[in-house]
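Thanks for making time for this one. I would like to walk through a single model this morning, and I will try to keep apart what comes from the coordinates and what comes from a record.

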Amino acid sequence: MEAGIVGLPNVGKSTLFNALTSSVSAQSANYPFCTIEPNEGIVSVPDPRLTRITQFIVPQKIIPAALKLVDIAGIVKGASEGEGLGNKFLSHIRQVDAIIQVVRCFEDPDVTHVAGNVDPIADIDTIETELVLADMQTLENALPKAEKSARGGDKEAKLRVAAIQKCNAHLESEQPLRTLELPEGEANAISSYGLMTAKPILYVANVDESDLAGEHELVQKVREHAQKTGAEVACVCAKLEAEIAELDEADRAEMLSDVGLEEPSLNVIARETYRTLGLQSYFTAGEKEVRAWPVPIGATAPQAAGVIHSDFERGFIRAEIYNLDDLEQYKTEKEIRAAGKLRVEGKAYVMQDGDICHFLFNV
Ligand code: GDP
């Protein structure tokens with residue numbers, strides 16, 4: 001699962017990308033992401049539950065969940081017609097599972113705004129229009145083939161044609177496909193198209209240092225817009241976060257308290273991105289390591305085991321599961337088991353956020 005970060009020039013995109021991805025580079029060996037290109041980075045997802053677990057199970061290593069972030073440069077007006085780096089930009093977006101759009105809500109006379117003034121809604125519209133146009137083009141290209149197969153009696157193609165027509169009508173009314181609900185069969189029939197306005201999106205409002213709570217009128221407008229278009233919103237002052245990320249731990253705590261933050265906003269952005277990607281965590285906890293693993297919401301126990309290793313999924317027998325409350329109450333796994341709180345779950349079990357697991361499997 002990966003998220004792509006986009007934004008108009010000078011909105012603070014690189015500042016945020018660098019701050020988000022700088023902290024885990026040293027530990028990247030823990031994360032088997034196939035390859036990391038120059039414009040990609042790993043973001044760890046800080047989870048206070050890891051600290052709670054390690055009060056009782058003291059490991060050699062604590063490993064938070066992580067996700068891949070892709071810095072997608074080059075959006076300008078006209079991208080859908082190939083302007084600027086248009087085509088490359090769009091093909092990158094097609095590949096990611098979720099979009100993070102940085103929108104500028106900070107005023108700074110020293111930082112030029114491409115459109116002349118700070119207007120986050122106009123910025124959002126500029127990018128969304130390009131994505132709507134590009135999706136329309138994708139559908140237009142796909143329609144003749146789908147129609148031909150449908151005429152030949154292909155049932156799947158009939159669903160595809162129906163879906164394309166509904167999507168087109170929705171896009172023509174200038175609405176993103178995120179807000180269109182299709183019957184499951186139709187949605188599946190077009191899932192390989194990589195339609196961009198159907199992807200979940202998180203707007204990151206880059207605010208002034210004086211407005212970390214995000215109460216500024218511009219941020220409120222972003223929230224209203226997001227609510228109407230099925231998007232999420234988070235706030236950050238990217239410049240401040242970049243400074244905080246460079247400090248050692250003691251200075252960082254002091255600076256955070258000076259500006260009135262409980263934790264770096266980067267942590268919040270990482271968690272929001274994770275949620276936007278439709279992920280939740282389960283944990284494995286032993287003396288060697290306590291670790292959070294990402295799993296799509298709704299995944300079954302064998303699928304969760306497969307996140308650790310594909311052999312675990314193939315040979316899955318059962319899972320033994322408890323939760324953090326049990327650990328806090330009974331202190332050790334042995335006591336949890338003695339109290340009958342260690343649940344044994346089979347192949348059909350749907351994972352719950354925060355499950356602490358052992359998987360039993362055949363090799
Ligand atoms: P990008 O073009 O979107 O990648 O933007 P950059 O991250 O390169 O930032 C453009 C300029 O805006 C740089 O000079 C940053 O220091 C500045 N900048 C980024 N975030 C903030 C912010 O939160 N507040 C202020 N005042 N300046 C910022």
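I will go from the domains to the central sheet, then to the ligand, and finish at the far end of the chain. Please keep in mind throughout that this is a predicted model.

Let me begin with how the chain is divided. The domain assignment gives three parts: domain 1, which is assembled from 2-47, 64-116 and 198-276, then domain 2 at 130-197, and domain 3 at 298-361. Where domain 1 and domain 2 meet, 11 residues of domain 1 are in contact with 12 residues of domain 2. On the domain 1 side of that contact, the residues divide by class into six nonpolar, three polar and two charged.

Now to the sheet. What is the order of its strands? Reading across, we have E2-E4-E1-E5-E6-E7, an open sheet of six strands with mixed pairing. The edges are formed by strand E2, residues 40-45, and strand E7, residues 232-236, each of which pairs on one side only. On average, and ignoring direction, neighbouring strands in this sheet are turned by 30° against each other.

If you look towards the E7 edge, strand E6, which covers residues 201-206, pairs with E7 in the parallel sense over five bridges, and within that pairing Leu202 stands opposite Glu232 of E7.

Two helices that lie across strands of the sheet deserve a mention. Helix H1, residues 13-22, lies across E1, E2, E4, E5, E6 and E7, and runs at about 60° to E2. Helix H4, residues 120-151, lies across E1, E5 and E6, and its direction is at about 145° to E5.

H1 also brings us to the ligand. Which residues come closest to the ligand? Of the 15 residues that surround it, the closest are Gly12, Lys13, Ser14, Thr15 and Lys239. Both H1 and helix H8, which spans 238-246, supply at least two residues of this shell, and H1 gives the most, with three residues. Taken by class, the shell consists of six nonpolar, six polar and three charged residues.

Finally, the far end of the chain, where I turn to a record. UniProt, in an unreviewed entry, places the feature "domain: TGS" at residues 278-361. In the model, that stretch is 31% helix and 37% strand, and its end C-alpha atoms are 27 Å apart.

That is where I will stop, and I am happy to take questions.

Conventions:
Residues numbered from 1 in each chain as written. Predicted model: local features only at pLDDT ≥ 70, side-chain atom pairs only at ≥ 80, totals over all residues. Pairing = 2+ DSSP bridges. Helix = DSSP H or I, 4+ residues; strand = E, 2+ residues; numbered from the N terminus. Axes fitted to C-alpha atoms, helices over the stretch in contact; angles between N-to-C directions. Contact = placed C-beta atoms within 7 Å. UniProt positions renumbered as here; feature names shortened; annotations may be inferred. Near = placed C-beta within 6 Å. Nonpolar A, V, L, I, M, F, W, Y, C, P; charged D, E, K, R; others polar. Domains from an automatic or database assignment.
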